[in-house]
Amino acid sequence: MKARARLPTLGTRRKRLLEQQAALVALTRSDVFNRENLQQALQLVTETAARLMNVERVSLWRYSESRSSLRCIDLYELSRNQHSSGAELEAGRYPAYFEALATSEAIVANDAHSDPRTHEFSSDYLTPLNITAMLDIPVHLHGRLKGVLCHEQVGPPVPWTAEDRLFGIAVANMIALALEQSERKRAEAALRESEQRLATILAYAPDAIVVLDVDTLRFVEGNGQALRLYGLERDALLCVGPVELSPERQPDGRLSSEVAREKLEEALAGGAPVFEWLHLNAAGEQVPCEVRLVRLPDAERRLVRGSINDIRERKRLEAEREWLNNRWRLLLESAGPGIYGTDTQGRCIFINRSGGAMIGYTAEEVLGRDMHELIHHSLADGSHYPVDACPIFRAFRTGQPCRIEGEVLWRRDGSCFPSEYAAYPIVAGGVIEGAVVSFSDISERLHAQNELRRLKEAAEAASRAKSEFLASMSHELRTPLNSVLGHAQLLRRQEGLLGSQVKALNIIQQSGEHLLGLIDDILDMAKIEAGNLDIVADYFDLHRLLDTIGAIMRPRAEAKGLAFTAAQCADLPTVVRGDERRLRQVLMNLLDNAIKYTRGGSVALHVELQRGRIRFLVEDTGTGIEPEHLSEIFNLFHQVRDPAVLVDGTGLGLAISRRLTRLMGGELKVASTPGQGSRFWFDLDLPAVKAPIPANESRTAIAVEGDQRTVLVVDDEKDGRNLLRELLAPLGFEVHESADGEAAVRDALRLRPHAILMDVRLPRLNGVESIRQIRCAPALERTVIIAISAGAFEHDRRQCLEAGADAFLSKPFRVEKLLDLLCTPLKLRLIYAQEQTTLESAAPPVVPDGEQLQRLHDIAARGDIKNLLQQVTHLESLDPAYLPFVAQLRARVAAYQMKELRRWLKSLRPAGHECPAR
Ligand code: ADP
């Protein structure tokens, strides 16, 4: 290192001075301070100072913001020709030095170790760096101490000269200049940046922003949005002010200029007015806006910034909302049911007029009130209704909707009404905001429902009464009819009847059957109306049914002089599935009418296949039916007839027939030409069945083959008992009688009969109960029980079967039907009239010897049937070979053919003789 020259001579001093001045000028000229980089400028300064003053270390320090320390921003070491920075001096550690900096123009310390201003550095700074003398010049900027320029001699000290001090001051000033320049540049850059930012913000602001000179009432600035809002170019905008861009008056009727001035004055006075303003754009359209004004600081002009928001869309939405609100209110108010809304606390937020009227409050009185406490606080019995048990509460608490019927709501006057209500949560953005409840007073509806129930019960009671009446009437009529028809059947079996007697019996039988038909019709109609007439799906021989019907109707037609045809197509199935009884009833009824309403010509029954179904057609050449009556003839009790012509009938036949056909799956149709005749037809599905041909019930049983059986006949009517005794005894049954239920049970236990024929309506213990008790006795478990009743309803039959009867027979019954029901379970064989012929025509039976034959003949001649039957039973036990003989004899007894019996006995050759020639 080159040491500073000691005590310079005058010439030297002069030379250095000149050098220093030249350097200062060079520094100034080099425009070092206009350099972008302050650090470089400062380095040039420290380096120049070190060289010119020949000082080892020249450094520049700056105060921290808090002024509590100095930080080295550049240190130049001459001998090493090296710059460094970063060291720090704490003001707290070097108070004397910092004090001196603040108060003096320069710290000139020729002996830094001893100088009171610098000796604080001695041990930890001066000594380690071998610094001996210091010249420190404070740097001021705008009168404020900003830092310090330090010159430090290393090695033996040379006293600082006045030139050194002046040069130092000059350099410090230059540094202050550089700092100022740099700060100004930074401030200018910051300003530019900030202006740039502001311009960007303004340009991209969503609002229209204008700046207005209050004194000229002209715009001086406007962003892109403002230009778009007014529909003006920038230059055009700057030529006008808010008054030109507004209608003369604002919507409230005030002059725009007046209101504008008022608002601008308010902003100038420091306020920030926000208000709605109606602008006019360049196209002359009115643009509703929201304006915010605020004063802008400006030294020369009175400026106000306006931010303007186009609120056309907001206004439109508001108008729409208002319209919707009005509609909604209209709907709410015109709605019949009461409607109210609650918040999440159950407080009323609205209620419609009819809701208010129902509970006796006006809307104003209800708003804000707790609705549960107001109208739903108690149950119908007056007990407290806790709110957390209330479904409406759940609707606005948990969002669970509900619909409840029957709870009561309370009116203002303390009365209540039964209600139906529904509550739905009001949900917005997934959050429950309350509930809307609609409710109505259902008193009238409940009243109507009760009335309806009462009427229905009354109607049901009436219908029950009607059914009971019909059942009992049917019963009362059938019981005597049973006797009439039964006895007529018995009498007709007797031989030797006179022609007139047979005729009378026929009349009795026909009249009885007619009467029975009427009762059945009325009963059927009642059953159809009550919906409990069942169609039975059993199988039957269709050919035999048609033959029987033909056999019955032909004589009737012929008796009236009418031709009768029954034609069937060849491929008609034989055994079919269906309800034989109901089909017979319909066909008989149609044929009956055909004969009834035909005076001359013919009646025909055609049965043919028609597209897989069977068509039944009844045709006549009778009176025909007027077209206007065609639809009426199927009505109940409807009769269309010439009053002059007397025809019997009830007007029930067709009504029943049509309903029965429907129940069987068909439709009864009619075509008729007045004066020419009528055709009635219907098609039925009667599927063919592969089954053996059912037994023919219409045959006449004349004898029973098998062991003698005991039968207990139970009937409170003596006639009824007699009828059965007279029917069964000749056929070989041992008949006992009981006149009431209790006696029946007793006698059954005592006699242990093979079969019991039990009338259902009995004194003391009725038939159903008697059957039940009999069935409880183990000894009578296998006894055949046949219930016989004049009750013709399905439930009569069901009751008996449930009690334990094996079969049910309704009165009046056909004798053969009874015998079939009785004999089949008792394993007895019935011999029919037809078979008798077969028996007779077959080889003669094995006959007893002459003596026995004679005895039988004598007993028969006396008419002692009981004895006769005892004899044949005895014969049966002697030898099974006699069985055919016994059967033939019994058949004649059963048919009451006593004369014929005697003749037959006489004709027989006793055993051991040849067969008589036939
Ligand atoms: P009725 O007991 O009077 O015969 P129906 O119900 O059987 O009752 O018939 C109703 C009416 O239909 C009868 O009164 C009659 O006027 C008319 N009618 C029924 N069948 C015939 C027919 N084959 N020819 C003419 N008229 C008929």
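A residue counts as buried when under 20% of its relative accessible area is left, as exposed when over 50% is, and as partly exposed in between (1.4 Å probe, protein chains only). This is a predicted model, where local features need pLDDT of at least 70, side-chain atom pairs count only at pLDDT 80 or more, and totals for chains, interfaces and linings use all residues. Residues are numbered from 1 along each chain as its sequence is written, and side-chain values use heavy atoms, with hydrogens and water left out.

Let's start with helix 25, residues 850-862 (helices are DSSP runs of H or I with at least four residues, strands are runs of E with at least two, numbered from the N terminus). Its buried residues are Q852, L853, L856, H857, I859 and A860. They sit on the same side of helix 25, because they cover an arc of only 165° around the axis (the arc of the directions from the helix axis to the C-beta atoms). An α-helix has 3.6 residues a turn, so residues three or four places apart point the same way. Over on the other side of helix 25, E851 and R862 are exposed. Just past the helix, G863 has a positive phi of about 75°.

Now for a sheet. Five strands form an open sheet in the order 14-13-17-16-15, with antiparallel pairing (two strands pair if DSSP finds at least two bridges between them). Strand 14 (348-351) and strand 15 (402-410) are at the edges with a single partner strand each, so one side of each has no neighbour in the sheet. Further in, strand 16 (residues 416-428) and strand 17 (residues 431-441) run antiparallel, joined by 10 bridges. One residue to find is Y424, whose bridge partner in strand 17 is V436.
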